[in-house]
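Grab the model and work through these exercises with it open. Try each task before you read its solution.

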Amino acid sequence: MVNTVTFSNGDQMPMLGFGTWKSAPGGLKYKLKLAIATGYRRLGLGPWKGAPGDVYSTVKDAIAAGYRHIDCAHVYGNEANIGRALADCFKAGIVTRDQMWITSKLWSDCHEPKEVQPAVENTLANLQLDYLDLYLMHWPVAIQKGSTFPVTPETLISLKDLPLLDTWRAMESLVDKGLCRHIGVSNFSIAKLQNLLDNAQRPPEMNQIELHPYLQQPSMLDFCHKNNIHLTAYSPLGSADRPASLKTANEPILLEEPTIAAIAKSHGVTPAQVLLSWAMQRGTVAIPKSFNPERIRQNLASAEVVLTAKDMQTITALDLNRRYVDGAFWQVPGGPYTVENIWDL
Ligand code: A2P
């Protein structure tokens with residue numbers, strides 16, 4: 001039984017969701033078309049890289065296995081395929097819309113207030129839904145409409161010219177219009193969250209960030225707890241299948257961490273299950289991605305794993321403050337964004 005986090009209006013979000021980043025839409029023709037349209041090739045950030053499966057059948061498998069929360073984003077390039085999977089599951093009576101929690105994210109080229117509603121409408125059309133449970137601003141970064149990632153500094157728009165608050169106000173109106181039940185952000189620092197809290201009409205209800213034993217972010221946890229902001233942990237397993245352009249030489253591999261392996265052995269479970277159980281026991285939502293049917297089930301079963309206080313303490317000592325997704329792909333010479341100003345270091 002997967003626990004939930006509760007929003008201020010009583011809505012409940014399952015603490016274990018199915019991650020769809022790096023999940024191939026399926027079909028070579030589609031992948032090539034998308035690659036050319038988005039210019040993903042340069043950065044190798046595309047959803048098909050290293051993803052052998054097909055997100056349509058995998059999402060169906062995940063729902064059949066018992067997942068009731070799917071984490072999506074426009075930029076993953078696969079929402080239409082996820083939409084087909086959801087529609088088929090609803091039609092077959094496997095689940096109903098209100099039994100599912102669906103999150104998606106606004107891409108950075110739609111931060112202009114007038115672009116926000118068309119962006120969510122496009123996502124809703126792709127997902128074949130009439131509302132999202134949660135819509136997040138994907139990055140605190142703005143880029144010209146039609147660009148996916150920066151190639152030249154001119155494609156980026158500074159936050160001085162297009163403040164996050166302007167985008168946020170447009171997101172607030174999506175809740176009033178019933179297009180989203182909840183709104184939040186992703187990859188936001190404490191300072192950027194504070195700015196929204198100080199100025200927004202609707203406070204952000206979620207920050208989706210990278211969280212795992214090598215990047216525990218205790219002050220973020222504390223801040224969000226005090227301000228009623230939920231946290232979702234992305235890359236909870238260390239995202240070892242992310243594109244080569246997001247990797248560095250000799251980086252530590254989370255799923256091979258000996259301390260996690262020892263705790264797993266002591267409970268008769270797998271290292272992935274320890275990592276997911278740890279995330280949930282800290283009160284955070286986790287969205288592991290897997291294309292493997294056995295691991296899809298295994299990850300869901302982590303909801304039954306109970307770590308001891310000593311296990312939790314032992315894992316606390318593993319923190320390296322090590323980001324796997326450091327946002328450096330937003331940094332172009334002469335551009336407005338740096339790793340330092342994205343995270344407010
Ligand atoms: P696969 O899709 O072949 O299962 P993250 O969720 O942190 O982004 O990590 C995803 C990576 O972790 C993928 O390479 C995925 O591979 C792998 N993975 C997912 N679940 C498990 C598991 N239970 N055991 C080992 N590796 C896993």
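Three exercises follow, on a residue, a helix and the pockets. This is a predicted model, where local features need pLDDT of at least 70, side-chain atom pairs count only at pLDDT 80 or more, and totals for chains, interfaces and linings use all residues. Residues are numbered from 1 along each chain as its sequence is written, and side-chain values use heavy atoms, with hydrogens and water left out.

**Exercise 1. Describe the surroundings of Thr58.**

Step 1: find its element. Thr58 sits in helix α3, residues 55-65 (helices are DSSP runs of H or I with at least four residues, strands are E runs of at least two, both numbered from the N terminus).

Step 2: check exposure. At a relative accessible area of 5%, Thr58 is buried (under 20%; exposed is over 50%, partly exposed in between, with a 1.4 Å probe and protein chains only).

Step 3: look at its side chain. A polar atom there lies 2.8 Å from the backbone oxygen of Asp54.

Step 4: list partners beyond four places in sequence. Thr58 is in contact (heavy atoms within 4.5 Å) with Phe18, Ser290, Phe291 and Ile296.

**Exercise 2. Work out the span of α5 and what its buried residues pack against.**

Step 1: take the span. Helix α5 (113-127) has 15 residues and reaches 22 Å from first C-alpha to last, close to the expected 21 Å (1.5 Å times one less than the number of residues).

Step 2: pick out the buried residues. They are Glu115, Val116, Ala119, Val120, Thr123, Leu124 and Leu127.

Step 3: recall the helix geometry. An α-helix has 3.6 residues a turn, so residues three or four places apart point the same way.

Step 4: see what they meet. The buried residues of α5 pack against α4 (79-91), β5 (101-106), β6 (132-137), α6 (164-176) and β9.

Step 5: look just past the helix. Gln128 takes a positive phi of about 60°.

**Exercise 3. Describe the lining of the largest pocket, then that of the second largest.**

Step 1: start with the largest pocket, which holds about 710 Å³ of space. Of its 41 lining residues, Trp21, Lys22, Ser239, Asp241 and Lys289 are closest to the centre. Helix α11 gives the largest share, three residues.

Step 2: sort that lining by class. It has 23 nonpolar, 13 polar and five charged residues.

Step 3: turn to the second largest pocket, with about 500 Å³. Its lining has 24 residues, and Phe7, Glu205, Asn228, Ile229 and His230 lie nearest its centre.

Step 4: sort again. This lining divides into ten nonpolar, ten polar and four charged residues.

Definitions and conventions: Polar contact = N/O pair within 3.5 Å; in protein donor to acceptor, adjacent residues only side chain to side chain. 1 Å grid on protein atoms, 1.4 Å probe; cavity = no way out; pocket = protein on both sides within 12 Å on 5 of 7 lines; lining within 4 Å. Points joined across faces, edges and corners; volume = space filled by probe spheres on them. Nonpolar A, V, L, I, M, F, W, Y, C, P; charged D, E, K, R; others polar.
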